[in-house]
Amino acid sequence: MRLLILEDDAQLGEALSAGLRQLGHVVDWFRDGEHADQAVQSAAYDALVLDLGLPRTDGLTWLQRWRARGLALPVLVLTARDGVEQRIEGLDSGADDYLIKPIAVEELAARLRAMLRRATGRAQSEWVHGALRYDPATRQVRWGERSVELTAREIALLEALLKQPQRVLSKAQLQEQLYDWSGGEPESNALEVYVHHLRRKIHPGVIRTVRGVGYALGAPDEGAAP
Ligand code: CA
């Protein structure tokens with residue numbers, strides 16, 4: 001998942017972004033709403049983690065602004081233990097879920113998975129496309145009966161394609177799902193290399209190239225009779 005975190009507390013922001021990156025997510029962390037506001041307008045995030053207690057403009061105001069602007073992104077708010085009214089107001093302002101501080105990264109990750117599941121209309125925790133099965137909780141990938149070992153970037157690419165299994169995604173759209181803004185520009189052929197790895201490790205037909213447009217998942221019956 002590509003995630004945006006808006007949290008002004010340096011220690012918590014650092015811990016959350018490091019923890020979520022370790023779980024394989026691509027994370028942009030901002031300490032003020034102005035930068036986060038620019039980010040939501042320029043990149044496609046899967047979810048936003050929003051601290052309600054921010055200096056100057058608070059998280060609730062940002063959330064209301066974004067929802068008024070039509071931003072549909074799933075939002076999870078972080079609140080203080082005694083902030084019952086804040087939580088209610090957050091949910092009423094368009095938050096999808098909340099967590100009470102102190103935050104456990106594993107729980108945050110599980111809530112984010114559940115939010116994404118709802119946002120993409122899935123009832124099952126496992127993502128299935130023909131012979132391909134992916135469990136975002138354990139990050140296990142299977143092709144038929146065979147378990148496949150993938151790197152974090154390869155999983156991120158596969159996840160981006162599985163999220164919209166019917167769609168052709170451009171290289172720019174896919175790259176956005178693989179890199180945050182801290183690491184500089186990726187190598188120009190990096191995406192092709194990851195696609196090549198996925199085809200080699202999973203199945204040659206798992207990803208199809210749509211010339212001049214980008215990539216899409218292969219047909220679900222691909223590899224049905226391995
Ligand atoms: Ca705060």
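Partly exposed describes a residue whose relative accessible area falls between the buried limit of under 20% and the exposed limit of over 50%. Keep that in mind as we work through this predicted model.

**Exercise 1.** Find which part of the structure Asp 51 and Lys 101 each occupy, and classify the exposure of both residues.

*Solution.*
- Step 1: A salt bridge joins the two side chains, with N and O 3.0 Å apart.
- Step 2: Asp 51 sits in strand β3 (residues 47–51), while Lys 101 belongs to the loop between β5 (97–100) and α5 (105–119), so the pair links parts 50 residues apart in sequence.
- Step 3: Asp 51 has a relative accessible area of 2% and is buried; Lys 101, at 26%, is partly exposed.
- Step 4: Salt bridges with shared partners also bring in Glu 7, giving one network of Glu 7, Asp 51 and Lys 101.

**Exercise 2.** Work out what the salt bridge between Asp 37 and Arg 69 ties together.

*Solution.*
- Step 1: The closest N and O atoms of this pair are 3.1 Å apart.
- Step 2: Asp 37 is in helix α2 (residues 33–42) and Arg 69 in the loop between α3 (59–68) and β4 (75–79), so parts 32 residues apart in sequence are tied together.
- Step 3: Asp 37 is buried at 13% relative accessible area, whereas Arg 69 is partly exposed at 47%.

**Exercise 3.** Determine how Arg 111 and Glu 107 are placed in helix α5.

*Solution.*
- Step 1: They form a salt bridge whose closest N and O atoms are 3.0 Å apart.
- Step 2: Arg 111 and Glu 107 are 4 residues apart in the helix, or about one helical turn.
- Step 3: Arg 111 is partly exposed at 26%, and Glu 107 is partly exposed at 36%.

Definitions and conventions. Residues are numbered from 1 along each chain as its sequence is written. This is a predicted model: local features need pLDDT of at least 70, side-chain atom pairs count only at pLDDT 80 or more; totals for chains, interfaces and linings use all residues. Side-chain values use heavy atoms; hydrogens and water are left out. A salt bridge is a side-chain nitrogen of Lys or Arg within 4 Å of a carboxyl oxygen of Asp or Glu. Helices (H or I, at least four residues) and strands (E, at least two) are DSSP runs, numbered from the N terminus. Buried means under 20% relative accessible area, exposed over 50%, partly exposed in between (1.4 Å probe, protein chains only).
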